[in-house]
Amino acid sequence: MIRVIFADDHEMVRIGVGAYLKAQPDIDVVAEAENGEEAVRLDREHEPDVVLMDLVMEPMDGIEATRRIMEARPEARVLIMTSFLDDEKVYPALEAGAFSYMLKTSRAADIAQAVRDTYAGKTVLEPAVAEKVMHRMRRPKEAPAHDSLTARELEVLRLMAEGKANQEIADELFIALKTVKVHVSSILMKLDVHDRTQAVIYALKQKLF
């Protein structure tokens, strides 16, 4: 038997989908939750094979509940069942550790099969979700901000990281103070930071020197 916890804040959804799942000879709905907090508690109590999770619930939503379940039990398998396909729901849910992602508009038989596949270790994605994921994977990665810095700007940034003031940088590089200020402004703009301190922190985090 595939032991399932079903979390959804709509009673009619729990009744409808729950009844279909309970009628399956290989699926046992061991508990139902009305929100994310209950889902986390019940997962800890029952350690089910699959958690069928809604996303929009109060006071704790399905994304946070998924994250907490996965932190406590990395082997858990969460199957999202929701009405939402927007990026603000899909990607955070997958990043939280959701194993599969289905829509409530799916046929009950398809949801039951998704439970079986998720239990078997097969990731099941609604076609529209799969398309989103593939599109993001095909999208070229953005180059890091510091790739746009010139060789001279990198020199100036290095000296900034050493704690040198503009005049000291000008003296060391044998350039005018005004030129240093232009370089500093350009560095801040290209790195999208507000001041020298943030620029230096960026350089240290990126291990540029």
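Which residue does UniProt list for "modified residue: 4-aspartylphosphate"? The unreviewed UniProt entry gives Asp 54 for this feature, although such annotations may be inferred rather than shown by experiment. The structure is a predicted model, in which local features need pLDDT of at least 70 and side-chain atom pairs count only at pLDDT 80 or more, whereas totals for chains, interfaces and linings use all residues. Residues are numbered from 1 along each chain as its sequence is written, and side-chain values use heavy atoms, with hydrogens and water left out.

Asp 54 is placed in the loop between S3 and H3, where helices (H or I, at least four residues) and strands (E, at least two) are DSSP runs numbered from the N terminus. With a relative accessibility of 3%, Asp 54 counts as buried, a term that means under 20% relative accessible area with a 1.4 Å probe and protein chains only. Beyond its neighbours within four places in sequence, Asp 54 is in contact (heavy atoms within 4.5 Å) with residues including Asp 8, Asp 9, Thr 82 and Lys 104.

The largest nonpolar core (buried Ala, Val, Leu, Ile, Met, Phe, Trp, Tyr and Cys residues joined through side-chain atoms within 4.5 Å) has 26 residues, and Met 53 is among those with the most contacts inside it. Strands S1, S2, S3 and S4, together with helices H2, H3 and H4, each supply at least two residues of this core. A second, separate core of 18 residues includes Ala 170, Leu 173, Leu 191 and Val 200.

Arg 116, located in helix H5 (residues 108-119), also counts as buried, at 19% relative accessibility.

Definitions and conventions
Buried means under 20% relative accessible area, exposed over 50%, partly exposed in between (1.4 Å probe, protein chains only).
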